[in-house]
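Trainee: Hi! Could we go through this one together before I set anything up?
Mentor: Happy to, let's bring it up.
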Amino acid sequence: MRHLLSTADLSADEATELLDEAERFEQALTGREVRKLPTLRGRTVMTVFYENSTRTRVSFEVAGKWMSADVINVSASSSSAGKGESLRDTAKTLRAAGADALVVRHPASGAAQQIAEWTADADGGPAVINAGDGMHEHPTQALLDALTLRQRLGSLRDRRVAIVGDILHSRVARSNAHLLATLGAEVVLVAPPTLVPVGVEQWPVQVSTDLDAELAGVDAVMMLRVQAERMNGGFFPSAREYSVRYGLNDRRLALLDDHAVVLHPGPMLRGMEIGWSVADSPKTTILEQVRNGVHVRMAVLFRLLVGTEDSSPATTSTSG
Ligand code: CP
């Protein structure tokens, strides 16, 4: 694996190995007073974010630092991008400054793929990790969601997962649809017709507009944030109608089977796609997803920067 750009590029074995690796990192760190492994000592990870982020940026930084990498955070708003420098020149500059890995978030679909092509050099170029490209993909989010589901439900095979809400603008939905299908789950997208993407028939999913009808038969519900920033000032249905028809409220939570769980990638809009008490319910995995995000990102950085020759991160651990 040279880069992580899309979950569609991952085989079931590769994805499962990343999830196993993430759990090995979690175990290697459990109970330690000092959460520091020497795994990436001497490696430089740069995060480059052209869109806002809390979870993804912070968890990549924590992941890199817990593995002793030098982590440099580049915010587009305070970089020379603000003076008009192109994405291509910025990416090549960061490589020249020593980046072994570039973690990229950008509003344009395909930006991470472009950067991987632009920065390829005689040494192979930096590993590029897509931390969210427009409405396209967010592969590490899907991996941490899969890990959370595996921990709560056991295997993903033949599990039914509903992804609910603003599918049209959601890179999380696309990455999850591919990865969950690869891991053997059945995926149903539940959304108003105006928020279903053109071409969804090419995705490995079913599509429904009726949330109430779907809830009784699912093992997990993944609620999505309504992405107003990608809607040019308005959307249909209205916020009120959306909340009534597609919001996960207490009544709908009660329709779920006892074992079923509720995911949300965050940031969540309480009172819009998810009710206040639902967000804090024991069925909801939101903070587990965040914790798993650190371990998944450790696994991804490890695989891309060290490869598979060192079999276990735990065996490379000497401190703490
Ligand atoms: N889930 C997610 O990508 O959150 P952030 O935008 O806070 O990184």
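Mentor: One term to begin with: a residue counts as buried if 20 or more other C-beta atoms lie within 10 Å of its own. Also, keep in mind that this is a predicted model.
Trainee: Okay, so is R225 buried or exposed?
Mentor: R225 is buried, because 20 other C-beta atoms lie within 10 Å.
Trainee: Where does R225 lie?
Mentor: In the loop between strand 8 (220-223) and helix 8 (239-246). Leaving aside neighbours within four places in sequence, R225 is in contact with D166, P267, M268, L269 and E273.
Trainee: And which residues does UniProt list for "binding site"?
Mentor: The unreviewed UniProt entry lists K83, R171 and R225. Those positions are spread over 143 residues of sequence and also spread in space, with up to 31.6 Å between C-alpha atoms.
Trainee: What about R171, buried or exposed?
Mentor: R171 is buried, since it has 24 other C-beta atoms within 10 Å. R171 is found in helix 6 (residues 171-182).
Trainee: What is R171 in contact with, leaving aside its neighbours within four places in sequence?
Mentor: G132, D133, G134, M135, H136, E137 and H138.
Trainee: Switching to the ligand: which residues are around it?
Mentor: The residues around the ligand are S53, T54, R55, T56, G132, Q141, P265, G266 and P267. By type, that shell divides into six polar, two nonpolar and one charged.
Trainee: Why does the ligand lie between domain 1 and domain 2?
Mentor: Because both domain 1 (7-137 + 289-316) and domain 2 (139-285) give residues to the shell around the ligand.
Trainee: I see G132 and P267 in that shell. Haven't those come up already?
Mentor: Yes, G132 is among the contacts of R171, and P267 is among those of R225.
Trainee: Q141 is in the shell too. What can you tell me about helix 5?
Mentor: Helix 5 (residues 139-153) has 15 residues and reaches 21 Å from its first C-alpha to its last, close to the 21 Å expected at 1.5 Å a residue. Helix 5 is mostly covered, with eleven of its 15 residues buried. Q141 is one of the buried ones, along with P139, T140 and others up to L149.
Trainee: What do the buried residues of helix 5 pack against?
Mentor: They pack against helix 1 (12-29), strand 4 (127-133), helix 6, strand 8, strand 9 (261-263) and helix 11 (286-305).
Trainee: And which residue follows helix 5?
Mentor: G154, and its phi is positive, near 85°.

Terms used: Residues are numbered from 1 along each chain as its sequence is written. This is a predicted model: local features need pLDDT of at least 70, side-chain atom pairs count only at pLDDT 80 or more; totals for chains, interfaces and linings use all residues. A residue is near a molecule or strand if its C-beta atom, placed from the backbone, lies within 6 Å of it. Ala, Val, Leu, Ile, Met, Phe, Trp, Tyr, Cys and Pro count as nonpolar, Asp, Glu, Lys and Arg as charged, and the others, Gly among them, as polar. Domain bounds come from an automatic or database domain assignment. UniProt positions are given in the numbering used here, feature names are shortened, and annotations may be inferred rather than shown by experiment. Helices (H or I, at least four residues) and strands (E, at least two) are DSSP runs, numbered from the N terminus. A residue is buried if 20 or more other C-beta atoms lie within 10 Å of its own, exposed if 12 or fewer, and partly exposed in between; C-beta atoms are placed from the backbone. Two residues are in contact if their C-beta atoms, placed from the backbone, lie within 7 Å. The expected span of a helix is 1.5 Å times one less than its number of residues.
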